[in-house]
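Biologist: Please bring up the model. I would like to go through it piece by piece.

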Amino acid sequence: MNKISNITILGGGNMGSQIAFQTAFKGFNVTIYDINVDLYSQVIENLELLKNIYLREAHATEDEMDATFNNISYSFNLPEAVQDADITIEAIPENMEIKQKLYAELGRVAPAKTIFTTNSSTMLPSDLMGFTGRPHKFLALHFSNLLFHCNIAEIMKSSETDADSYNTVIEFAEAIGMIPILVKQEQRGYILNSLLMPFMAAATELYLKGVSDIETIDKTWRIATGSPVGPFEIYDIVGINTVYNIASNGDLKAKLFAQYLKENFIKQGKLGYLSGEGFYKYPKERNSLK
């Protein structure tokens, strides 16, 4: 692997915070960049929540947590955030216009050495590579929520991605404790979401049609399959904003669900687990994302 030390996470939301924390925990220098200064306090809250989880579930020590936080810095200025970056990991909303604008600027200000990766759940490398100015150093590095438990990293290149960038990202994923899942050709949703989304859509339809309530749907799935969480609990873990952004780009049923989420959850600040309430309410002093 090329010498990789400095990682910039573009977007400090639910997934961005998790990726940043795990990467810093594994000893890398991490800069979290976000355009929204007002979200800084939420990022800090997310990281403190993750600290409690790692102490309890990863059996991390206080010294390890101190080192993790010492490895993390913050910036609201893109040129500053990426000036030493070896790899960037983009984890911003699933909105093509926003991503296009980010990558156009990123391509201008990042060093030539920097490999760009996207954590996009729905967009392909070939959808975005043209905006980067360096399609040969661009690919997808997709993490799962609860990545400290569900430690896979789906890696998907385009026809333009060079072998050096591809292999470097695979080795980086391993270095931060992930199991690389190599997606052999471009596929929206990768492997995980291609399996997951039909299941989630079926649960949503059962609820919206009035076939059953949220608690019963989740309970049925948990008991029958042994899964620790049901579909609506998964929505809360993923984050309502993320679900909304994905649904907004779907078919008519998905768009109607997106509107339902906007009116009944987003406008009321019910954004999922990390906000304290989504489809379920969560205790203020929570120390697990389960």
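A short exchange of questions and answers follows.

Modeller: This is a predicted model, where local features need pLDDT of at least 70 and side-chain atom pairs count only at pLDDT 80 or more, while totals for chains, interfaces and linings use all residues. Residues are numbered from 1 along each chain as its sequence is written, and side-chain values use heavy atoms, with hydrogens and water left out.

Biologist: Which helix gives the most to the largest nonpolar core?

Modeller: A nonpolar core is a set of buried Ala, Val, Leu, Ile, Met, Phe, Trp, Tyr and Cys residues joined through side-chain atoms within 4.5 Å. Buried means under 20% relative accessible area, with a 1.4 Å probe and protein chains only. The largest such core has 62 residues. With 6 residues, the helix that gives the most to this core is helix 2 (residues 40-57).

Biologist: How are helices and strands defined?

Modeller: Both are DSSP runs, numbered from the N terminus. Helices are H or I with at least four residues, and strands are E with at least two.

Biologist: What is the strand order in the open sheet?

Modeller: Two strands pair if DSSP finds at least two bridges between them. The open sheet has 8 strands with mixed pairing. Their order is 3-2-1-4-5-6-7-8.

Biologist: Which strands stand at the edges?

Modeller: An edge strand here has a single partner strand, so one side of it is left without a neighbour in the sheet. The two are strand 3 (72-75) and strand 8 (179-182).

Biologist: Which residue stands opposite Thr 88?

Modeller: Strand 4 (residues 87-90) and strand 5 (residues 115-118) run parallel, joined by 4 bridges. In strand 5, the residue opposite Thr 88 is Phe 116.

Biologist: What angle does the direction of helix 2 make with that of strand 3?

Modeller: Axes are lines fitted to C-alpha atoms, for helices over the stretch in contact (heavy atoms within 4.5 Å). Angles run from 0 to 180 degrees between N-to-C directions. Helix 2 packs on the sheet and touches strand 2 (29-33) and strand 3. The angle with strand 3 is about 165 degrees.

Biologist: Is Leu 146 buried or exposed?

Modeller: Leu 146 is found in the loop between strand 6 (138-143) and strand 7 (152-157). Its phi is positive, about 60 degrees, although Leu 146 is not a glycine. The relative accessibility of Leu 146 is 12%, so it counts as buried.

Biologist: What is the relative accessibility of Tyr 190?

Modeller: Tyr 190 lies in the loop between strand 8 and helix 8 (192-208). Phi of Tyr 190 is positive too, near 55 degrees. Tyr 190 counts as buried because its relative accessibility is 2%.

Technical notes
Buried means under 20% relative accessible area, exposed over 50%, partly exposed in between (1.4 Å probe, protein chains only).
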